[in-house]
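This report looks at enclosed space, open space and one helix in a single model. Please have the sequence and the structure open side by side.

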Amino acid sequence: MRICADVGGSFVDIAMVDADASIHHRAKFPTPTRDWNGFVDIFRQFQALHADKMTEGDAISLAFAGLPAPDNGRIISANIECTHGRRLANDLSQELGRPVFVINDADAFVLGEARLGVAKGHRRVLGVILGTGVGGGVIEDGKVVTGIHGIGGEWGHGQVIIPSPKAPDATPLFQCGCGRMGCLDTIGSARGLERLHHFLHGKTATSKDITHGFVSGEIHAVATVSYFTDILAGVLSVVLNTIPATIVPVGGGLSNSTELIAEIDRKVRASMLDAPEQPILAVTMLGGDAGLLGAYFAAD
Ligand SMILES: [Zn+2]
């Protein structure tokens with residue numbers, strides 16, 4: 001068995017995963033974001049508890065909320081500061097005495113869906129996360145395409161919202177966490193949907209309220225979702241014209257609204273050059289298990 005973990009900014013979701021990808025002994029701990037020793041201890045203690053289920057070479061594999069550099073494994077993580085700049089796989093391996101693998105969490109989500117979930121059997125997969133932010137990953141022939149900087153599939157950054165010189169104040173131009181202005185991430189995420197709703201109507205509402213309002217025909221929510229899906233689908237159609245994936249698994253909090261995802265799918269296919277007749281967006285099949293299972297396959 002392998003120890004697999006989905007390590008986010010709030011929680012470490014950790015479990016033993018068997019060769020048939022079944023999940024056992026799952027546990028959840030708050031992430032010690034600024035305490036390296038506390039971070040290592042989670043894995044040390046879990047390993048001690050389940051040492052009898054592992055053989056000597058069995059790995060520990062992490063889906064991680066950060067980007068490991070492909071050449072040296074150094075981590076860029078805004079949320080888990082005690083790991084930032086560390087060669088995480090290497091450092092953890094020295095502490096724990098086992099091989100350690102680290103994969104970006106969005107890449108893990110897509111890898112899980114491609115190997116076992118809704119994208120199983122597809123050669124080229126673009127996975128999309130619409131959660132706190134906009135993320136994603138690309139899988140080709142069962143392997144993650146990271147690119148030389150490890151940012152493969154990160155389609156949420158780069159300015160797509162351009163103010164008109166005639167009416168700059170009418171443009172929903174927001175500062176992005178990456179330091180740029182007008183990234184898709186500032187609008188296309190759950191927080192972005194809320195930000196856009198406030199910008200358009202001066203109303204504070206949760207993303208859940210807005211998607212429910214869209215489904216029930218509430219006029220302001222419908223207007224917000226219409227603009228939101230226009231922008232998101234426009235960018236996604238360009239990405240899909242460029243990386244001709246045959247399926248787009250969608251995860252993150254916004255994927256809970258099947259009506260929203262169906263609306264994005266409709267607009268994406270209307271905007272693509274050579275769109276399939278069947279939906280191309282598909283809501284996650286593995287849900288909250290995708291990260292853990294993707295981590296498992298990353299150690300193959
Ligand atoms: Zn950005």
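Which residues line the largest cavity? The lining consists of Val128, Leu130, Trp155, Leu232, Leu236, Val250, Ile261, Ile264 and Leu281.

## Basis

This is a predicted model, in which local features need pLDDT of at least 70, side-chain atom pairs count only at pLDDT 80 or more, and totals for chains, interfaces and linings use all residues. Residues are numbered from 1 along each chain as its sequence is written, and side-chain values use heavy atoms, with hydrogens and water left out.

## The cavity

The whole structure holds 1 cavity of 30 Å³ or more. A cavity is a set of points on a 1 Å grid over the protein atoms alone where a 1.4 Å probe fits but cannot get out; lining residues have an atom within 4 Å of a point. The largest cavity encloses about 40 Å³. Volume here is the space filled by probe spheres set on the points, which are joined across faces, edges and corners.

β8 (124-130), α7 (219-242) and α8 (258-271) each give two or more residues to the lining of the largest cavity. Helices (H or I, at least four residues) and strands (E, at least two) are DSSP runs, numbered from the N terminus. The lining has 9 nonpolar residues, no polar and no charged. Ala, Val, Leu, Ile, Met, Phe, Trp, Tyr, Cys and Pro count as nonpolar, Asp, Glu, Lys and Arg as charged, and the others, Gly among them, as polar.

## The pocket

A pocket is an open set of points with protein on both sides within 12 Å along at least five of seven lines. The largest pocket has about 1,800 Å³ of space. Its lining counts 49 residues; Ala65, Asn79, Asp105, Thr132 and Gly133 lie nearest the centre. The split is 14 nonpolar, 26 polar and 9 charged. Helix α3 gives the most to this lining, with 3 residues.

## Helix α2

Leu88, Asp91, Leu92 and Leu96 are the buried residues of α2 (under 20% relative accessible area, 1.4 Å probe, protein chains only). They sit on the same side of α2 because they cover an arc of only 120° around the axis, taken from the directions from the helix axis to the C-beta atoms. Their cover includes α1 (36-49), β4 (60-64), β6 (75-76) and β7 (100-104).

Asp91 lies in this helix, residues 88-96. Beyond residues up to four places away in sequence, Asp91 touches Trp36 and Arg86 (heavy atoms within 4.5 Å). After α2 comes Gly97, with a positive phi near 70°.

Terms used: Buried < 20%, exposed > 50% of the residue type's maximum accessible area, 1.4 Å probe, protein only.
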